[in-house]
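Me: I should like to learn how to read a protein model, one feature at a time. May we begin with the charged side chains?

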Amino acid sequence: MKPLLIFRHATHEGPGYFTDFLVRRGFPYALIRVDQHDPVPTSIDGVSGIAFMGGPMSVNDRLPWIPKVISLIQQAVTADIPVLGHCLGGQLMSKALGGTITPNRSKEIGWLPVETVESPLAREWLGELPPRFEVFHW
């Protein structure tokens with residue numbers, strides 16, 4: 001089985017229970033510690049998926065590893081390889097897919113509502129969640 005690549009951008013923003021989940025299911029993974037200057041792979045060859053954790057930086061910061069990660073995301077999407085992004089990881093995915101990332105006018109910390117998009121893909125991922133529900137934002 002090919003490993004999942006997990007990118008950590010800050011020591012305190014690691015994969016936590018996500019790796020516990022993978023280990024319990026016998027799923028191999030490799031942790032790329034960007035915060036420790038681990039090299040960013042240039043290709044998705046031999047990878048089953050990619051996950052990007054959070055971090056205190058912005059995707060708009062001029063950091064040398066961001067363009068490399070953007071390229072990996074684009075390769076993965078083109079090859080139909082799953083990509084998961086949490087916080088900064090979501091910013092990276094959005095930018096790689098042509099989105100624009102701007103600062104939010106206010107901090108989103110606490111329990112706040114989100115809305116689903118009605119589509120077959122949303123139903124596949126979210127099941128029968130109501131169209132509007134609260135989640136914890138940080």
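**Reading the features**

Reply: We may. In this structure, a salt bridge joins the side chains of Arg33 and Asp38, with 3.0 Å from N to O. Please keep in mind that the model is a predicted one.

Me: What is the general idea behind such a pair, and how many salt bridges does a search of the whole structure find?

Reply: Side chains of opposite charge can pair when their charged atoms come close. Over the whole structure, the search yields three salt bridges. Besides the pair already named, Asp35 and Arg8 meet through their side chains at 2.9 Å, N to O. This pair links distant parts of the chain, since Asp35 lies in the loop between S2 and S3 while Arg8 belongs to strand S1, 27 residues apart. Glu115 and Arg132 also form a salt bridge, their closest N and O atoms being 2.9 Å apart. Here too distant parts of the chain are linked: Glu115 is in strand S5 and Arg132 in strand S6, 17 residues apart.

Me: Are the residues of these pairs buried or exposed, taking Arg8, Arg33 and Glu115 as examples?

Reply: The relative accessible area decides: under 20% is buried, over 50% is exposed, and values in between are partly exposed. Arg8 has 13% and therefore counts as buried. Arg33, at 34%, is partly exposed, whereas Glu115, at 59%, is exposed.

Me: How should I read the overall fold, and what pattern does the protein follow along the sequence?

Reply: One lists the helices and strands, and then reads their order. The protein has four helices and six strands, and their order is β-α-β-β-α-β-α-β-α-β. Of the contacts with a separation of 6 or more, 68% are between residues 24 or more positions apart.

Me: What radius of gyration does the protein have, and what would a compact globule have?

Reply: For 138 residues, a compact globule would have a radius of gyration near 14 Å; the protein has 16 Å, which agrees. The C-alpha trace spans about 40 × 35 × 30 Å along its principal axes. Buried residues account for 33% of the 138 residues.

Me: Which residues of helix H3 are buried, and where do they fall when seen down the helix axis?

Reply: In such a case, one marks the buried residues and then looks down the axis. In H3, which covers residues 88-96, the buried residues are Leu88, Gly89, Leu92, Met93 and Ala96. They fall within an arc of 140° seen down the axis of H3, so they line one face of the helix. These buried residues pack against strand S3, helix H2 and strand S4. After H3 comes Gly98, with a positive phi near 100°.

Me: Which residues other than glycine have a positive phi?

Reply: His37 and Asp80 may serve as examples. His37, which is not a glycine, has a positive phi of about 65°, and Asp80 has a phi near 60°. His37 lies in the loop between S2 and S3, and Asp80 in the loop between H2 and S4. His37 is exposed at 72% relative accessible area, and Asp80 is exposed at 71%.

Me: Finally, which residues make a nonpolar surface patch?

Reply: Ile109, Trp111, Phe136 and Trp138 make a patch of about 580 Å². Among them, Phe136 is in strand S6 and is partly exposed, at 47% relative accessibility. The protein as a whole exposes about 9200 Å², of which carbon and sulfur atoms supply 58%.

Definitions and conventions: Residues numbered from 1 in each chain as written. Predicted model: local features only at pLDDT ≥ 70, side-chain atom pairs only at ≥ 80, totals over all residues. Heavy atoms only, no water. Patch = residues over 30% accessible without salt bridge, like charges linked within 9 Å, V, L, I, M, F, W, Y side chains within 5 Å. Areas by Shrake-Rupley, 256 points an atom, 1.4 Å probe, with all protein chains shown as cover. Salt bridge = Lys/Arg side-chain N within 4 Å of Asp/Glu carboxyl O. Helix = DSSP H or I, 4+ residues; strand = E, 2+ residues; numbered from the N terminus. Buried < 20%, exposed > 50% of the residue type's maximum accessible area, 1.4 Å probe, protein only. Rg over C-alpha atoms; globule rule 2.2 N^0.38 Å. Contact = heavy atoms within 4.5 Å. Arc of directions from axis to C-beta.
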